[in-house]
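Visitor: I have the sequence and the fold open on my screen. Could you walk me through how the strands and charged side chains are arranged?

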Amino acid sequence: PTSKDFESLSAKKATLDVICNFECDENIFQSGDISLSVSLYSMGIVAIEKHKSGSDSYNLIEKIETKCKSSNEVIVAFDIPNPQLWCPERPFLYSTTISLFKNNQL
């Protein structure tokens, strides 16, 4: 990462843009309801130790669901309250899951 990657970072809030690109036939938008679900999780330092031992522990920060109109690219923005930077001394991690649905089917 460069300093530009952290321009929106402050002690109280950071913004994370998740850009979702998917390839599909343009006709898919006419043949059904297409939606996207994006979840942002924090792992934290304790969760990393649990993950190393085989026990995942994530804390959901926010889940955003949106309809896909007629584009193969969707940008979802998350505001992260009190963001934590990663460093070797305090390895704080964030994770996302992205799910694409057609007519409410994964």
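Visitor: Which residue in S3 stands opposite Val38?
Guide: Happy to start there, with the reminder that this is a predicted model. S2 and S3 pair in the antiparallel sense, over 8 bridges. Val38 has its opposite residue in S3, and that residue is Ile64.

Visitor: Which strands stand at the edges of the sheet?
Guide: This open sheet has 3 strands, in the order S3-S2-S5, with antiparallel pairing. Two of them have a single partner strand each, so one side of each is left without a neighbour in the sheet. The edge strands are therefore S3 and S5 (94–102).

Visitor: By what angle are neighbouring strands of this sheet turned against each other on average?
Guide: The sheet in question is the open one with the order S3-S2-S5. With direction ignored, the average turn between its neighbouring strands is 15°.

Visitor: Which residue in S4 stands opposite Lys13?
Guide: Strand S1 (residues 13–21) pairs with S4 in the antiparallel sense, over 9 bridges. Opposite Lys13, the residue in S4 is Pro81.

Visitor: Which side chains along strand S4 point to one face and are buried?
Guide: In a regular strand, side chains alternate between the two faces of the sheet. Strand S4 (residues 73–81) shows such alternation: Glu73, Ile75, Ala77, Asp79 and Pro81 point to one face and are not buried. Pointing to the other face, and buried, are Val74, Val76, Phe78 and Ile80.

Visitor: Now to the charges. How many salt bridges does the structure hold?
Guide: Side chains of opposite charge can pair when their charged atoms come close. One such pair is Asp33 with Lys67, at 2.9 Å from N to O. Another is Glu65 with Lys63, whose closest N and O atoms are 3.6 Å apart. The number of salt bridges in the structure is 2.

Visitor: How many residues apart in sequence are the parts that Asp33 and Lys67 tie together?
Guide: The side chains of Asp33 and Lys67 meet in a salt bridge. Asp33 lies in the loop between helix H1 (28–31) and strand S2 (34–42), while Lys67 belongs to strand S3 (residues 59–67), so the pair links parts whose separation in sequence, in residues, is 34.

Visitor: Is Glu65 buried or exposed?
Guide: Its salt-bridge partner, Lys63, is partly exposed, with a relative accessible area of 48%. Glu65 has a relative accessible area of 59%. The cut-off for exposed is over 50%, so Glu65 counts as exposed.

Definitions and conventions:
Residues numbered from 1 in each chain as written. Predicted model: local features only at pLDDT ≥ 70, side-chain atom pairs only at ≥ 80, totals over all residues. Heavy atoms only, no water. Salt bridge = Lys/Arg side-chain N within 4 Å of Asp/Glu carboxyl O. Helix = DSSP H or I, 4+ residues; strand = E, 2+ residues; numbered from the N terminus. Buried < 20%, exposed > 50% of the residue type's maximum accessible area, 1.4 Å probe, protein only. Pairing = 2+ DSSP bridges. Axes fitted to C-alpha atoms, helices over the stretch in contact; angles between N-to-C directions.
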